[in-house]
Amino acid sequence: MQKADALQRYRAWTWVQGKDPLDLVLAERPVAGPGPGEVLVQNDVIGLNPVDWKVLGSASWQPGKVPGCDGAGRVIAVGDGVPLAWIGQRVAYHTWLGGPGSFAEVTPVAARALLPVPAALDLETAATVPCPALTAWLALSKLPVRQGTLLIAGAGGGVGGYLVQMALQAGWEVTAQCHPRHHERLAGYGAAVLPWNAELPPAAFAAAIDLRGPEAAAGLFPQLRANGHLVCIQGRVSGWGSEAFGRCISLHEVALGALHVHGDALDWRALRSAATGIFDGLESGRLVAEPVVVRAFEDLPSHLRALRNRDFSGKALIRIASVQDAQDSTRNGFSGGTRE
């Protein structure tokens, strides 16, 4: 192992029991070296996602597990087989839900999952990318090259916002269905918008991407044209929705976690290339990140609970304070509050 500094200990929010984010316990741990093919990332920003509260207390978890899948920071150590050039690099990442997570000051991350952050892009914006934007990219990659009418159902969140923008730029005619509080933002991107409970026209869409759940997704079959596509992000539907060789709908499911277990070098290369394109889009203004709501590391459990309860709109981020942050906060009057 090669290290960039002498960091000895770090803090982490750990799961002990229960499914409430407020049950997370703050612990201090010694810094251990990364394994072969891994690096240590000292996190500056942690991205919170709905999956983070949904998986709390999963059957395979043992007390002391660190949850979380998204983060952004700097590489401070590399394991065997990882080039030394990674040390000091600014990166974002999406890590495996079954392994050590991002709810910590330091996280071990597989080197293949590292997403280099351009110098001109701040780490808060980079932390909005891994789970939401890469899920959106993966969902669109399931669809044929042929564009047409696309319904994005449940488009109000981070994944939906990135999906709408990417689909429009790819040439799709996009209808976004969501709560009215998101309509102005999504219409500003160029989508047609409908309330979440609007009645949809039959056989009107070449494809639909659902972000609500399997039962809601199954209700979209009548809205799809012949040879249409249904992409499920929040759980797969239980059947094909029509008789064999009838409407001939193609079903797809999306989960970034599949790459951590089954992905090969080509899969990871494609994902990293997609991230590079997303970062470029954010730098140039072609893509717009969801407004962020930032809290301090000490507030992580309450912020995750607020995300679960939908107490705010925007991307939930955790900023880990450093000596430099404290100096900047004194100069700028920023104390880790909401930035929307």
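Two aromatic rings, from Phe, Tyr or Trp, count as a pair if their centres lie within 6.5 Å. The structure shown above is a predicted model. By that rule, the structure holds two aromatic pairs.

## The aromatic pairs

A pair of aromatic rings is described by the distance of the centres and the angle of the planes. Start with W13 and F297. Their ring centres are 6.3 Å apart, with 50° between the planes. This pair is tilted, because planes under 30 degrees apart count as stacked and planes over 60 degrees apart as edge-to-face.

Where do W13 and F297 sit in the chain? W13 lies in strand β2, residues 9–14. F297 lies in the loop between β15 (292–296) and α9 (300–308). The pair therefore ties together parts that are 284 residues apart in sequence.

Are these rings buried or exposed? W13 has 9% relative accessibility, so W13 counts as buried. F297 has 1% relative accessibility and counts as buried too. The cut-off behind both calls is under 20% relative accessible area.

Now take W15 and W61. Their ring centres are 5.8 Å apart and their planes stand at 75°, so this pair is edge-to-face. W15 is in the loop between β2 and β3 (25–30). W61 is in the loop between α1 (50–54) and β5 (70–78). The two residues are 46 residues apart, and the pair links distant parts of the chain. W15 is buried, at 10% relative accessibility. W61 is buried as well, with a relative accessible area of 9%.

W61 has another partner. K65 lies over the face of W61, at 5.1 Å from the ring centre.

## The nonpolar cores

In soluble globular proteins, nonpolar side chains tend to be buried together. Here the largest nonpolar core has 64 residues. Which of them touch the most other members? They are V39, L150, L163, I209, F279 and L282. Helix α8, residues 265–284, gives the most to this core, with seven residues.

F279 is worth a look in the viewer. Leaving aside neighbours within four places in sequence, F279 is in contact with A92, L115, P116, V117, P118, L121, A126 and V129.

There is also a second, separate core of 25 residues. Its members include W13, A104, V106 and A316. W13 is also the partner of F297 in the tilted pair.

## The salt bridges

Side chains of opposite charge can pair when their charged atoms come close. How many salt bridges does a search of the whole structure find? The search finds seven. The table gives three of them.

| Salt bridge | N to O distance | Separation in sequence |
|---|---|---|
| R11 and E298 | 3.0 Å | 287 residues |
| R305 and D20 | 2.9 Å | 285 residues |
| D44 and R74 | 2.7 Å | 30 residues |

Take the R11 and E298 bridge. R11 is in strand β2, and E298 is in the loop between β15 and α9. At 24% relative accessibility, R11 counts as partly exposed. E298 is partly exposed too, at 46%.

In the next bridge, R305 belongs to helix α9, and D20 to the loop between β2 and β3. R305 counts as partly exposed, at 30% relative accessibility.

The last bridge in the table joins two strands. D44 is in strand β4 (residues 38–47), and R74 is in strand β5. Which side chain is buried, and which is partly exposed? D44 is buried at 14% relative accessibility, whereas R74 is partly exposed at 35%.

Some bridges share partners. Such shared partners join R11, E105 and E298 into one network.

## Two polar side chains in loops

H182 is in the loop between β10 (173–178) and α5 (183–189). H182 is buried, with a relative accessible area of 11%. A polar atom of the H182 side chain lies 3.3 Å from the backbone oxygen of G156. Not counting residues up to four places away in sequence, H182 touches G156 and S313.

T128 is in the loop between α2 (123–127) and α3 (130–141). At 2% relative accessibility, T128 counts as buried. The side chain of T128 reaches the backbone oxygen of T125 at 2.7 Å. Beyond residues up to four places away in sequence, T128 touches A133, Y162, A289, V292, K315 and L317.

Definitions and conventions. Residues numbered from 1 in each chain as written. Predicted model: local features only at pLDDT ≥ 70, side-chain atom pairs only at ≥ 80, totals over all residues. Heavy atoms only, no water. Core = buried A, V, L, I, M, F, W, Y, C linked by side-chain atoms within 4.5 Å. Buried < 20%, exposed > 50% of the residue type's maximum accessible area, 1.4 Å probe, protein only. Helix = DSSP H or I, 4+ residues; strand = E, 2+ residues; numbered from the N terminus. Contact = heavy atoms within 4.5 Å. Phe/Tyr/Trp six-rings, centres within 6.5 Å; stacked < 30°, edge-to-face > 60°. Lys NZ or Arg CZ within 6 Å of the ring centre and 35° of its normal. Salt bridge = Lys/Arg side-chain N within 4 Å of Asp/Glu carboxyl O. Polar contact = N/O pair within 3.5 Å; in protein donor to acceptor, adjacent residues only side chain to side chain.
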